[in-house]
Amino acid sequence: MPDAAIFLDRDNTLIEDPGFISHPDQVKLLPGTAEALRRLRAGGYRIIVVSNQSGVARGLFDEEQLGRIHARLGELLAAEGVNLDEIRYCPYLDGEEAVVEAYRQDSPLRKPRPGMLLEAARQRNLDLSRSWMIGDRMSDVQAGAAAPCRTILVGPAPAQYNGGVTPDHVVSTLLEAARVVEEHPDTPPPRRERAGEEPQLELLAEIRDALQRGQRRDSQEDFSFVRLIGALMQMLAIATALWGIVGIFSGTTGAAVARLGLAIFLQLLAMMIHLAYRRL
Ligand SMILES: [Mg+2]
């Protein structure tokens with residue numbers, strides 16, 4: 001079965017958000033972040049951060065510095081005994097605010113677009129339908145919904161939702177989000193994917209189905225055979241009874257009683273066969 005992931009926003013979801021973080025010293029874990037990640041990790045999920053970092057395009061810091069900032073985040077989490085699988089970010093921004101030409105573009109990676117999630121899913125063979133996107137902004141929820149995966153907004157919820165997208169869950173902290181994930185276990189992946197992954201099991205299931213079909217056919221043949229015997233027995237019982245009655249009128253009472261006794265026995269036999277057939 002493919003892995004499922006928890007996609008996490010970075011700023012104001014995992015760490016404090018003082019504006020554009022441009023130095024490792026500014027990285028401060030929010031309360032409960034490490035504990036929440038431990039619990040999500042225990043659920044068997046890949047933990048992948050997906051973060052808009054337009055500060056690169058805005059010329060506030062470069063990708064090298066961003067690497068140091070993320071290394072600091074990794075250190076802080078490691079000190080708490082938990083780690084991330086990956087930190088992905090979008091350094092691009094469109095428009096005049098993007099003063100660094102190389103990063104000025106309308107990127108499909110930038111949330112609310114789902115590019116970062118889709119790229120991660122393709123590279124890591126992730127099952128998005130069993131994955132979650134957790135973040136503090138509606139752009140996080142929109143990216144998650146577009147992937148599509150399940151979404152949790154780490155509140156507060158907006159007064160009204162625009163664009164027809166609403167989060168699947170709204171909570172106040174990342175720890176609560178982890179609880180929501182725990183309370184909503186995986187939905188089974190589509191059969192198509194299971195078949196691709198486990199061909200032996202698929203073959204076994206086909207053999208089992210074929211055997212069951214064969215058994216059903218055999219049973220039907222038995223039914224007809226049993227029914228035939230039962231019908232013959234019934235006809236024999238009636239004939240014997242008539243023979244007995246004829247005996248009574250022709251004066252051979254002793255023989256007639258014996259024939260009637262035989263008729264009753266045959267009738268009982270026919271009824272037993274009928275009952276046995278019903279049970280089959
Ligand atoms: Mg955020």
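Two strands pair if DSSP finds at least two bridges between them. The exercises below apply to a predicted model.

**Exercise 1.** Which strands pair with β5, and in what sense?

Solution.
- Step 1. Take β5 with strand β6 (residues 169-171): three bridges link them, and the pairing is parallel. One bridge joins Ile152 to His169 in β6.
- Step 2. Take β4 with β5: four bridges are found, again in the parallel sense. Met133 stands opposite Thr151 of β5.
- Step 3. Follow the chain from β4 to β5: it passes through α4, and this β-α-β crossover is right-handed.

**Exercise 2.** Decide whether the residues of β5 are buried or exposed, and sort them by the way they point.

Solution.
- Step 1. The cut-off for a buried residue is 20 or more other C-beta atoms within 10 Å of its own.
- Step 2. Arg150, Ile152 and Val154 point one way, Thr151 and Leu153 point the other way, and all are buried.
- Step 3. Five of the five residues of β5 are therefore buried, so the strand is largely enclosed by the rest of the structure.

**Exercise 3.** Find which residues of α4 are buried and what covers them.

Solution.
- Step 1. The buried residues are Met138, Asp140, Val141, Gln142, Ala143, Gly144 and Ala145.
- Step 2. These make up seven of the nine residues of helix α4 (residues 138-146), so the helix is largely enclosed by the rest of the structure.
- Step 3. The cover includes β1 (5-8), α3 (115-124), β4 (132-135) and β5 (150-154).

**Exercise 4.** Describe how α1 and α5 cross.

Solution.
- Step 1. The axes of helix α1 (residues 33-42) and helix α5 (residues 174-183) come within 8 Å, at a crossing angle of roughly 15°.
- Step 2. The two helices are therefore roughly parallel, and their crossing is left-handed.
- Step 3. On the α1 side the contact is made by Thr33, Glu35, Ala36, Arg39 and Leu40; on the α5 side, by Leu174, Leu175, Ala177, Ala178, Val181 and Glu182.

**Exercise 5.** Locate the backbone features at Pro112, Pro156, Asn12 and Asn125.

Solution.
- Step 1. Lys111 and Pro112 are joined by a cis peptide bond with omega about 20°; Pro112 lies in the loop between β3 (86-90) and α3.
- Step 2. The bond from Gly155 to Pro156 is also cis, with omega near 5°; Pro156 lies in the loop between β5 and β6.
- Step 3. Asn12, not a glycine, has a positive phi of about 70° and sits in the loop between β1 and α1. With 15 other C-beta atoms within 10 Å, Asn12 is partly exposed.
- Step 4. Asn125 has a positive phi near 50° and belongs to the loop between α3 and β4. Its 8 C-beta neighbours inside 10 Å make Asn125 exposed.

Conventions:
Residues are numbered from 1 along each chain as its sequence is written. This is a predicted model: local features need pLDDT of at least 70, side-chain atom pairs count only at pLDDT 80 or more; totals for chains, interfaces and linings use all residues. A residue is buried if 20 or more other C-beta atoms lie within 10 Å of its own, exposed if 12 or fewer, and partly exposed in between; C-beta atoms are placed from the backbone. Two residues are in contact if their C-beta atoms, placed from the backbone, lie within 7 Å. A crossover is right-handed if, with the strands pointing away from the viewer, the path from the first strand over the helix to the second runs clockwise. Axes are lines fitted to C-alpha atoms, for helices over the stretch in contact, and angles run from 0 to 180 degrees between N-to-C directions. Angles under 35 degrees count as roughly parallel, over 145 as roughly antiparallel, 65 to 115 as roughly perpendicular and the rest as oblique. A crossing is left-handed if the near helix is turned anticlockwise from the far one by less than a right angle, and right-handed if clockwise.
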